[in-house]
Amino acid sequence: MIMDRIALSLAIIGGLNWGSIGLFRFDLVAYLFGGQTSTVSRVVYTLVGLAAVWCISLLFRQRDVGDEPV
């Protein structure tokens, strides 16, 4: 499902951003979009948060036998 891939990609981006904050005290999203309080940064943070919530559903979803990745 395309929504799963988009959500997973955004969650990965968020995880990498948090890793850079934890290791280097560098917020890439804030750097790229003009600070943590800029509208674009807040939209990106919100999308990443929503993607993480969506990814929670991936943990509990049943997979059919035919859905195995190739």
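The exercises below, each with a worked solution, concern a predicted model of one protein chain.

**Exercise 1. The overall layout**

Determine how many helices and strands the chain has, and how its extent relates to that of a compact globule.

Solution. Begin with the secondary structure, which comes to three helices and zero strands, so that reading along the sequence gives the pattern α-α-α. Next, turn to the extent of the chain: its C-alpha trace spans about 45 × 25 × 20 Å along the principal axes. The radius of gyration of the chain is 15 Å, whereas a compact globule of 70 residues would have one near 11 Å. Finally, look at the inside of the chain, where buried residues make up 20% of the 70 residues.

**Exercise 2. Surface, charges and contacts**

Describe the accessible surface of the chain, its charged side chains and the reach of its contacts along the sequence.

Solution. The first step is the surface, which comes to about 5800 Å², with 69% of it belonging to carbon and sulfur atoms. The second step is to count charges: the chain has 5 positive and 5 negative side chains, and the centres of these two sets lie 11 Å apart. The third step concerns contacts between residues at least 6 apart in sequence, of which 42% join residues at least 24 apart.

**Exercise 3. The aromatic pair**

Find which two residues form the one aromatic pair of the structure, and decide whether their rings are stacked, edge-to-face or tilted.

Solution. A pair of aromatic rings is described by the distance of the centres and the angle of the planes. The structure holds one such pair, formed by phenylalanine 26 and tyrosine 31, whose ring centres are 5.3 Å apart and whose planes stand at 55°. Planes under 30 degrees apart would count as stacked and those over 60 as edge-to-face, so the pair of phenylalanine 26 and tyrosine 31 is tilted. As a last step, consider how open each partner is: phenylalanine 26 counts as partly exposed at 34% relative accessibility, while tyrosine 31, with a relative accessible area of 61%, is exposed.

**Exercise 4. Helix 1 and the loop after it**

Work out whether serine 20, isoleucine 21 and arginine 25 are buried, partly exposed or exposed, and say where each one lies.

Solution. Serine 20 lies in helix 1, which covers residues 2–24, and because buried means under 20% relative accessible area, its value of 14% makes serine 20 buried. Leaving aside neighbours within four places in sequence, serine 20 is in contact with Arg25, Phe26 and Leu28. Isoleucine 21 is also found in helix 1, but its relative accessible area is 22%, so isoleucine 21 is partly exposed. Not counting residues up to four places away, isoleucine 21 touches Phe26 and Asp27. Arginine 25 lies in the loop between helix 1 and helix 2 (28–33), and with a relative accessible area of 81% it is exposed. Most residues other than glycine have a negative phi. The phi of arginine 25, however, is near 55°, a positive value.

**Exercise 5. Distances from isoleucine 21**

State how far leucine 32 and leucine 50 lie from isoleucine 21, both in sequence and in space.

Solution. For leucine 32, the separation from isoleucine 21 is 11 residues in sequence and 14 Å in space, C-alpha to C-alpha. For leucine 50, the separation from isoleucine 21 is 29 residues along the chain and 20 Å between C-alpha atoms. To place leucine 50 in the fold, note that it belongs to helix 3 (residues 39–60) and that it is exposed, having a relative accessible area of 54%.

Technical notes: Residues are numbered from 1 along each chain as its sequence is written. This is a predicted model: local features need pLDDT of at least 70, side-chain atom pairs count only at pLDDT 80 or more; totals for chains, interfaces and linings use all residues. Side-chain values use heavy atoms; hydrogens and water are left out. Rings of Phe, Tyr and Trp (its six-membered ring) pair if their centres lie within 6.5 Å; planes under 30 degrees apart count as stacked, over 60 as edge-to-face and the rest as tilted. Buried means under 20% relative accessible area, exposed over 50%, partly exposed in between (1.4 Å probe, protein chains only). Helices (H or I, at least four residues) and strands (E, at least two) are DSSP runs, numbered from the N terminus. The radius of gyration is taken over C-alpha atoms; the globule rule is 2.2 Å times the number of residues to the power 0.38. Contact means heavy atoms within 4.5 Å. Accessible areas come from the Shrake-Rupley method with a 1.4 Å probe; for residues, only the protein chains shown count as cover. Lys and Arg count as positive and Asp and Glu as negative; His and the chain ends are not counted. The place of a charge is taken as NZ of Lys, CZ of Arg, CG of Asp or CD of Glu.
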